[in-house]
Amino acid sequence: MRQIIAMGGGGFSMEPENPLLDLYILGQSEKRKPKVCFLPTASGDADNYVERFYSAFQSNECTPSHLSLFRPPTRDLEAYIMDKDIIYVGGGSTKNLLVLWKEWGLDRILRNAWQNGIILAGVSAGSICWFEEGVTDSYGDGMEPLKCLGFLKGSNCPHYDGEAERRPAYEQFVRSGQIAGGYAADDGAALHFIDEELVRAVSSRPHAKAYEITLENGKVTEKVMNTTYLG
């Protein structure tokens, strides 16, 4: 199966006392103790972010590691990635993430990993990156549309309820045709795709939701999806 789990917000970096989404990601692997590799590229490989990843995942049934492009653990990045069961991408600047991944060939390597059954997951920038397009604050003040990897069709907007400017910006971009319709997720909500089809939405918070955003006859329609609370 080709799996992608895209979180609007949450996980160890936003909810250190609430592991529900991270445990859900681990639970999708068929391995008893999956190898989980954290990609903190969007944060500039921030040391504190990497430390928080290890602090959260070392207490779970998994083997954690991380890949820094500023301090690569090996020259053979493809072998390093293909040895893992789950790739977990952190938040930060989606634009810088995409530029660095392309320069290092990680865009191609990650597509190969996905096609070979390695689970791709991520939060915020680590959610946007898998879609054709996304809504990002990578340029500084305000929101902008951004072309992404295109593993999944359509567009994506994280932090739908967590940042006041996200929802109106996304609707404006879809209405104007700057980006296609797609999916949004509140903080604490995640979209689970298998073979490019959305199979379920889950959440770590009782009221967090996922949404399908479409443009019909010039009007943006927001459909609240059935979202399963994991608690």
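A residue counts as buried here when its relative accessible area is under 20%. With that cut-off in hand, the tour of this predicted model begins at an enclosed strand.

**Stop 1: strand β2**

Select residues 35-39, which form strand β2. Of these 5 residues, 4 are buried, so the strand is largely enclosed by the rest of the structure.

Next, add residues 63-66, strand β3, which runs parallel to β2 and is joined to it by 4 bridges. To find the register, pick Lys35, whose bridge partner in β3 is Thr63. Adding helix α2, residues 47-57, completes a right-handed β-α-β unit made of β2, α2 and β3.

Now select residues 86-89, strand β4, which pairs with β2 in the parallel sense over 4 bridges. Here Phe38 of the pair stands opposite Tyr88 in β4.

**Stop 2: the sheet of 8 strands**

Widen the selection to the sheet that holds these strands. This open sheet has 8 strands in the order β3-β2-β4-β5-β1-β10-β11-β14, and its pairing is mixed. Which strands stand at the edges? They are β3 and β14 (227-229); each has a single partner strand, so one side of each is left without a neighbour in the sheet. From one strand to the next, the twist averages 20 degrees.

For an antiparallel pairing, select strand β1 (residues 3-7) together with strand β10 (residues 189-194), which are joined by 5 bridges. Gln3 has Ile194 as its bridge partner in β10.

**Stop 3: the sheet of 6 strands**

A further open sheet has 6 strands, in the order β7-β6-β8-β9-β12-β13, again with mixed pairing. Its edges are β7 (144-147) and β13 (219-224), each with a single partner strand, so one side of each is left without a neighbour in the sheet. The twist in this sheet averages 25 degrees from one strand to the next.

Select strand β9 (residues 182-185) and β12; these run antiparallel and are joined by 4 bridges. The residue to label is Gly182, whose bridge partner in β12 is Ile213.

**Stop 4: the nonpolar cores**

Show side chains and select Leu39, Ile81, Ile87, Trp101, Leu110 and Trp130. These have the most contacts inside the largest nonpolar core, which has 41 residues. Which helix gives the most to this core? Helix α5, residues 106-115, does so with 5 residues.

Centre the view on Trp130. Beyond its neighbours within four places in sequence, Trp130 is in contact with residues including Ile4, Val89, Trp101, Leu110, Leu149, Phe151 and Leu152. Leu120, Ala121, Gly122 and Gly150 are also among its contacts.

Another core, of 21 residues, lies apart from the largest one; among its members are Leu21, Tyr49, Ala121 and Val123.

**Stop 5: salt bridges**

Side chains of opposite charge can pair when their charged atoms come close. In this model the count comes to 13 salt bridges, and three of them merit individual selection.

Select Arg2 and Glu196, whose side chains meet in a salt bridge at 3.1 Å, N to O. This pair links distant parts of the chain, 194 residues apart: Arg2 is in the segment before β1, and Glu196 is in the loop between β10 and β11 (197-203). Arg2 is partly exposed, with a relative accessible area of 22%; Glu196 is also partly exposed, at 34%.

Move to Glu15 and Arg205, whose closest N and O atoms are 2.4 Å apart in a salt bridge. Glu15 is in the loop between β1 and α1 (20-27), whereas Arg205 is in the loop between β11 and β12 (210-216), 190 residues apart. Glu15 counts as buried at 8% relative accessibility, while Arg205 counts as partly exposed at 28%.

Then select Asp85 and Lys31, a salt bridge with its closest N and O atoms 2.8 Å apart. Asp85 lies in the loop between α3 (77-82) and β4, and Lys31 in the loop between α1 and β2, 54 residues apart. Is Asp85 buried or partly exposed? At 13% relative accessibility, Asp85 counts as buried, whereas Lys31, at 46%, counts as partly exposed.

Finally, add Asp195 to the earlier selection of Arg2 and Glu196: salt bridges that share partners join Arg2, Asp195 and Glu196 into one network.

Technical notes:
Residues numbered from 1 in each chain as written. Predicted model: local features only at pLDDT ≥ 70, side-chain atom pairs only at ≥ 80, totals over all residues. Heavy atoms only, no water. Buried < 20%, exposed > 50% of the residue type's maximum accessible area, 1.4 Å probe, protein only. Helix = DSSP H or I, 4+ residues; strand = E, 2+ residues; numbered from the N terminus. Pairing = 2+ DSSP bridges. Right-handed = clockwise from strand over helix to strand, strands pointing away. Axes fitted to C-alpha atoms, helices over the stretch in contact; angles between N-to-C directions. Salt bridge = Lys/Arg side-chain N within 4 Å of Asp/Glu carboxyl O. Core = buried A, V, L, I, M, F, W, Y, C linked by side-chain atoms within 4.5 Å. Contact = heavy atoms within 4.5 Å.
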